[in-house]
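Me: I have a model open and would like to talk it through with you. Could we start with single residues and then work up to the overall arrangement?

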Amino acid sequence: MLSKLNVTVKKMRNMILTALCALLLLGGNAQQSQAGRHPTGCLPGIIKQRLAEVRKKFGPVTIISTMRRGARISGTGRRSKHADCRAVDFKVKNKMKAWRWLNKNHNGGVGLYHGRCSHIHIDNGHRARWNRNYCG
Ligand SMILES: [Zn+2]
């Protein structure tokens, strides 16, 4: 009986240790990925330039996403510009003003997302404009 209990205690201890190790590993990775989570170095010059212009005109920009390996355009399944680090999603306080300015001044893709996403997307692809109520 006692040995059975010991085995159970040992098993539980091992499970807890495994869980703790997993948490530590995940924590480490999360910290690591935080630093290089949204690499901007790979973005095309024109996109970096637009981001700098938006910052200057409309204030601080929070980068939501740049490179997303294997990213597909939701609904179409086509390869996203994010898969090749040719697009950036960002938030800026004056979202509507920034979007209108980009519509006039950026000759690639300009997308506006509302609701849960609530960000602006720009890429260096063909001239395209969209305004959506869902994440993409
Ligand atoms: Zn995007």
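Me: Is N133 buried or exposed?

Reply: This is a predicted model, and in it N133 counts as exposed, with 10 other C-beta atoms within 10 Å. The cut-off for exposed is 12 or fewer such atoms, which is why N133 falls in that class.

Me: Where does N133 sit, and which residues is N133 in contact with?

Reply: N133 belongs to the segment after β5, and, if its neighbours within four places in sequence are left aside, N133 has contacts with H114 and G115. The C-alpha atom of N133 is also separated by 8.5 Å from that of L112, although these two residues are 21 residues apart along the chain.

Me: What is G115 part of?

Reply: G115 lies in the turn of the hairpin that β3 and β4 form, which has 6 residues between the two strands, and G115 has a positive phi of about 70°.

Me: Which residue in the loop between β3 and β4 has a positive phi although it is not a glycine?

Reply: That is S118, which is found in the loop between β3 and β4 and has a positive phi of about 50°. Most residues other than glycine have a negative phi. With 12 C-beta neighbours inside 10 Å, S118 counts as exposed.

Me: And what about C85, buried or exposed?

Reply: C85 is buried, with 21 other C-beta atoms within 10 Å, and the cut-off for buried is 20 or more. C85 is placed in the loop between β1 and β2, and its phi is near 55°, a positive value in a residue other than glycine.

Me: Switching to the whole chain, how many helices and strands are there in the protein?

Reply: The protein has 3 helices and 5 strands, which follow one another along the sequence in the pattern α-α-β-β-α-β-β-β. Of its 136 residues, 22% count as buried, and among contacts between residues at least 6 apart in sequence, 51% join residues that are at least 24 apart.

Me: What is the order of the strands in the sheet?

Reply: The 5 strands make an open sheet with the order β1-β2-β4-β3-β5 and mixed pairing. β1 (61–65) and β5 (128–132) stand at the edges with a single partner strand each, so one side of each has no neighbour in the sheet. Direction ignored, neighbouring strands of this sheet are turned by 25° against each other on average.

Me: How many bridges join β1 to β2, and which residue does V61 stand opposite?

Reply: β1 is joined to β2 (residues 87–92) by 4 bridges, and the two strands run antiparallel, with V61 opposite V92 in β2.

Me: Which residues stand opposite I120 in β4?

Reply: F90 stands opposite I120, and so does L112. For the strands themselves, β2 and β4 pair in the antiparallel sense over 4 bridges, and β3 and β4 likewise pair in the antiparallel sense over 4 bridges.

Me: Which way do the residues of β4 point?

Reply: I120 and I122 point one way from β4, while H121 and D123 point the other way, and all are buried. In a regular strand the side chains alternate between the two faces of the sheet.

Me: Now the helices: which strands does α2 lie across, and which does α3 lie across?

Reply: α2 lies across β1, β2 and β4 (120–123), and runs at about 5° to β2. α3 lies across β2, β3 (109–113), β4 and β5, and runs at about 20° to β4.

Me: How do α2 and α3 cross, then?

Reply: The axes of α2 (residues 45–58) and α3 (residues 95–105) come within 11 Å and cross at roughly 135°, and the two helices are therefore oblique to each other. In handedness, α2 passes α3 in a right-handed crossing.

Me: Which residues make that contact?

Reply: From α2 the contact is made by R50, V54, K57 and F58, and from α3 by K97, A98, W101 and L102. By class, the contact of α2 with α3 has 5 nonpolar, no polar and 3 charged residues.

Key. Residues numbered from 1 in each chain as written. Predicted model: local features only at pLDDT ≥ 70, side-chain atom pairs only at ≥ 80, totals over all residues. Axes fitted to C-alpha atoms, helices over the stretch in contact; angles between N-to-C directions. Parallel < 35°, antiparallel > 145°, perpendicular 65-115°, else oblique. Left-handed = near helix turned anticlockwise from the far one by under 90°. Contact = placed C-beta atoms within 7 Å. Nonpolar A, V, L, I, M, F, W, Y, C, P; charged D, E, K, R; others polar. Pairing = 2+ DSSP bridges.
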